[in-house]
Amino acid sequence: MSNWNASAPQGNGDPSPYEPELGSLPDGGRNAGEHGDTVNKTGTTTVGITTDDGVVIATDMRASLGGRFVSNKNVQKVEQIHPTAALTLVGSVGGAQSFISSLRAEANLYESRRGETMSIDALATLAGNFARGGPFRAINPILGGVDEEGSHVYSIDPAGGVMADDYTVTGSGMQLAYGVLENEYADDLTLSDAKTAAARAVKSAVERDTGSGNGVFLAEVTGDGVDIQGHESFDDLL
């Protein structure tokens with residue numbers, strides 16, 4: 001079980017041109033001109049799926065430089081940020097880590113002040129506000145969580161837009177992954193089925209997208225908490 005109060009890894013200030021990047025964003029993003037190719041031409045695949053019993057989030061494990069050079073083969077791109085919610089890392093390493101650290105801090109502060117956990121809808125709104133008005137460089141994460149209202153998955157766009165859906169994909173491998181999910185998703189998926197579908201979606205992207213690869217991290221989010229496991233091979237999941 002992940003410890004949601006643990007501190008997120010810290011960035012090192014302004015990145016050099018050689019700092020690994022995690023996610024891909026559309027051209028013309030909010031900071032595209034400022035950060036150039038190190039933000040716009042990176043790759044990853046992240047998937048979020050809702051079920052009646054919880055949420056499954058899957059990501060590949062590769063960090064690359066502009067989608068052309070593999071800088072790390074074992075990157076955990078999903079982190080717990082709330083007792084029953086997790087967020088993917090998509091964008092520059094420093095921006096994504098700072099974003100997660102800030103959301104964790106706000107969720108902790110909310111709980112300390114009010115004596116209750118923040119709803120997932122409120123957490124998604126906060127994430128969108130941070131993306132829109134904060135110093136975070138061009139991020140496009142997926143937020144998945146469970147509360148009294150049920151299971152939720154949101155995509156957060158670089159301009160702060162928040163969109164809820166039954167399933168969603170972000171990153172450079174999204175077209176390949178979406179093709180799989182269009183066939184795999186059903187309203188009555190179990191958590192086990194959702195994990196298999198998410199793994200298949202990421203595997204499809206890994207096969208063709210140069211920015212995605214080296215295995216998959218799967219996060220299972222339920223009312224009991226968040227469990228994150230890494231798998232270098234897809235064989236045991238499919």
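Visitor: Is Lys 195 buried, partly exposed or exposed, and why?
Guide: Lys 195 counts as partly exposed, because its relative accessible area is 29%. The cut-offs here are under 20% for buried and over 50% for exposed, with partly exposed in between. Keep in mind that this is a predicted model.

Visitor: Okay, and which residue does Lys 195 form a salt bridge with?
Guide: That's Glu 220, and the closest N and O atoms of the two are 3.4 Å apart.

Visitor: Where do those two sit in the chain?
Guide: Lys 195 is in helix 6, which covers residues 191-208, while Glu 220 is in strand 11, residues 216-222. They tie together parts that are 25 residues apart in sequence.

Visitor: And Glu 220, how accessible is that one?
Guide: Its relative accessibility is 26%, so Glu 220 counts as partly exposed.

Visitor: How many salt bridges are there by this rule?
Guide: The count comes to five. One of them joins the side chains of Lys 77 and Asp 60, at 3.0 Å from N to O. Lys 77 is in the loop between strand 4 (69-72) and strand 5 (78-82), and Asp 60 is in strand 2 (residues 54-60), so to speak 17 residues away, and the pair links distant parts of the chain.

Visitor: Are Lys 77 and Asp 60 buried or exposed?
Guide: Both of them are buried.

Visitor: Got another pair for me?
Guide: Sure, the side chains of Glu 79 and Arg 104 also meet in a salt bridge, with 3.3 Å from N to O. Glu 79 belongs to strand 5 and Arg 104 to helix 3 (residues 93-114), so this pair ties together parts 25 residues apart in sequence. Glu 79 and Arg 104 are both buried.

Visitor: Switching to the surface: which residues gather in a patch of negative charge?
Guide: They are Asp 52, Asp 53, Asp 165, Asp 166, Asp 187, Asp 188 and Asp 193.

Visitor: Where is Asp 165 found?
Guide: Look at the loop between strand 9 (162-164) and strand 10 (167-170). Asp 165 has a relative accessible area of 45%, so it is partly exposed.

Visitor: Zooming out, how many helices and strands does the chain have?
Guide: There are six helices and 12 strands.

Visitor: What share of the chain is buried?
Guide: Of the 238 residues, 53% are buried. The chain exposes about 10,600 Å², and carbon and sulfur atoms supply 43% of that.

Visitor: Last one: what share of the contacts with a separation of 6 or more comes from residues 24 or more positions apart?
Guide: Those account for 66% of them.

Key. Residues numbered from 1 in each chain as written. Predicted model: local features only at pLDDT ≥ 70, side-chain atom pairs only at ≥ 80, totals over all residues. Heavy atoms only, no water. Patch = residues over 30% accessible without salt bridge, like charges linked within 9 Å, V, L, I, M, F, W, Y side chains within 5 Å. Areas by Shrake-Rupley, 256 points an atom, 1.4 Å probe, with all protein chains shown as cover. Salt bridge = Lys/Arg side-chain N within 4 Å of Asp/Glu carboxyl O. Lys, Arg positive; Asp, Glu negative; His and termini not counted. Charge placed at Lys NZ, Arg CZ, Asp CG, Glu CD. Helix = DSSP H or I, 4+ residues; strand = E, 2+ residues; numbered from the N terminus. Buried < 20%, exposed > 50% of the residue type's maximum accessible area, 1.4 Å probe, protein only. Contact = heavy atoms within 4.5 Å.
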